Every structure is written in structure tokens, then in C-alpha cells.
Amino acid sequence: MNIVGDSEHFKQPFDHDEDYVSRADAKREIAIYQELGMKLVALSKTQLSKLELDELIYDNVLKTKTIKVNTEAYRRHLQYIGKLMRNVDVEALQQDIKNVLNQNSNESAKQNVAEKLKDQLITEGDEAVQALIEKHPGLERQKLRQLIRQTKKELTKKPDQDSKSAVELVKYLRSEIAE
């Protein structure tokens, strides 16, 4: 006699299969790939070139940039990029994207530090030069003083314009000071 609650009647495909993936799990995984594809589309062309992408993915990401947003073609193309992303190591690519995005903020931070140092050198003079050289012995005192002198001269003539020497000074500080 069979009992109504017999477990043989209620067997599911995932009961004995270790590799079974439910439809909901598959859809979540596909959504992750599509979201990663959207992040790639949001990057600029130079940022994309810094990533080590497959040529097919790279070309399709660039092609997506030419399609109007909020159209069916755009949505389908993002799905296609998600399909192509299934063969890519997701964690490594996400880390690469973070590095590319963080690299830009690091560059702007270095630029800000160099600008502050330039302002400090112009206002304080030789004491600031001495302190900076003690902190960073690789800097050339003569070159620093020359750039500062030229910057001051250019700023007295045209205070409302950017000085060429000031730009050179900032470039020199950025290249020589690695923090």
C-alpha cells in the first residue's frame, strides 16, 4: 500500500544531482554578468584599453557605446555581452575595473599634492625648498629654485593667467616625488 506522503512520489531533480543549478540561480548569475558588462560600457575607451579583455568582448563593448540607451537593441546587446562574459574570470575582471577606476583617483590625488607643494614653495621660498629636499633628497635644488623664480616672475607680470613655469614645476614635482 502506498502512503500519500511517500518520498518516492515527491522526488525532485535536484535531490540526487550535485551539479544541479536552479533557474533562479542561473538567472542571478546571468544578471551578474550583465551588470559587469554595464560597468564595462560605462568605462572610457582609454580605461577599457588598460583592461586585459578578450578582443570580441572589447569590440562589442565599444559597439554598445554607439547604440542609443534605453532601446531594445541596447538591452539585447548588453545581454549578448553578458553571454560573452561567461567565459571570463569575474573576480579578476572586477578587481581590474576597480584598479582602473582607482588609478584615476590616485592620479588626481598626486596632482593635488603637487599643486599644494607648488603653492607652498612659491609662498614660503627657500625654507620650503630646504624642507622638501630634506624630505626627498632626489630633487635638484637648482632646478627647483629656478622654476620657482620663473613662476614668480610670470605671476607678477600676468597674475590672472596660468604660468608655464608653474605647470613645469608641478610636472617636475609629480615625476620626482613618489609617495
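## Salt bridges

A salt bridge is a side-chain nitrogen of Lys or Arg within 4 Å of a carboxyl oxygen of Asp or Glu. With that in mind, welcome to this structure, which is a predicted model. A search of the whole structure turns up 5 salt bridges. Side chains of opposite charge can pair when their charged atoms come close.

One of these pairs is Asp 126 with Arg 145, whose closest N and O atoms are 3.1 Å apart. Asp 126 belongs to helix H6 (residues 126-135) and Arg 145 to helix H7, so this pair ties together parts that are 19 residues apart in sequence. Asp 126 counts as partly exposed, at 45% relative accessibility, and Arg 145 is also partly exposed, at 38%. Elsewhere, Glu 115, Lys 118 and Asp 119 are joined into one network by salt bridges that share partners.

Another pair sits within a single helix. Asp 25 and Arg 28 are both in helix H1 (residues 23-42), 3 residues apart, which is about one turn of the helix. Their closest N and O atoms are 2.5 Å apart. Asp 25 is partly exposed, with a relative accessible area of 37%, while Arg 28 is exposed, at 52%.

## Lys 118 in helix H5

Lys 118 is part of helix H5 (residues 90-124). Is this lysine buried or exposed? Its relative accessible area is 13% and the cut-off for buried is under 20%, so Lys 118 is buried. Lys 118 forms a salt bridge with Asp 119, with 3.5 Å between the closest N and O atoms. Asp 119 itself is partly exposed, at 41% relative accessibility.

Setting aside neighbours within four places in sequence, Lys 118 is in contact with Ala 166, Leu 169, Val 170 and Leu 173. These four residues are among the buried residues of helix H8.

## Helix H7

Helix H7 covers residues 141-157. At 1.5 Å a residue, its 17 residues should span 24 Å, and the end C-alpha atoms are 25 Å apart, which agrees. Which residues of H7 are buried? They are Leu 144, Leu 147, Ile 148 and Thr 151. These buried residues cover an arc of only 100° around the axis, which puts them on the same side of H7.

The face turned away from that buried side carries the exposed residues Gln 142, Arg 149, Lys 153, Thr 156 and Lys 157. Gln 150, also in H7, is partly exposed, with a relative accessible area of 32%.

## Helix H8 and Ser 165

Helix H8 runs over residues 164-176. Its 13 residues should span 18 Å at 1.5 Å a residue, and its end C-alpha atoms are indeed 18 Å apart. The buried residues here are Ser 165, Ala 166, Leu 169, Val 170, Tyr 172 and Leu 173. Seen down the axis, they fall within an arc of 160°, so they line one face of H8. On the other side of H8, Lys 164, Lys 171 and Ser 175 are exposed.

Ser 165 is worth a visit: it is buried, with a relative accessible area of 2%. The side chain of Ser 165 makes a polar contact with the side chain of Glu 154, at 3.0 Å. Beyond neighbours within four places in sequence, Ser 165 is in contact with Leu 147, Gln 150, Thr 151 and Glu 154.

## A loop with a positive phi

Finally, look at Asn 70, in the loop between helix H3 (55-64) and helix H4 (72-84). Asn 70 has a positive phi of about 65°, although it is not a glycine. Asn 70 is exposed, with a relative accessible area of 77%.

Methods: Residues are numbered from 1 along each chain as its sequence is written. This is a predicted model: local features need pLDDT of at least 70, side-chain atom pairs count only at pLDDT 80 or more; totals for chains, interfaces and linings use all residues. Side-chain values use heavy atoms; hydrogens and water are left out. Helices (H or I, at least four residues) and strands (E, at least two) are DSSP runs, numbered from the N terminus. The expected span of a helix is 1.5 Å times one less than its number of residues. Buried means under 20% relative accessible area, exposed over 50%, partly exposed in between (1.4 Å probe, protein chains only). The arc is that of the directions from the helix axis to the C-beta atoms. A polar contact is a pair of N or O atoms within 3.5 Å; within protein, one must be able to donate a hydrogen and the other to accept it, and residues adjacent in sequence count only if both atoms are side-chain atoms. Contact means heavy atoms within 4.5 Å.
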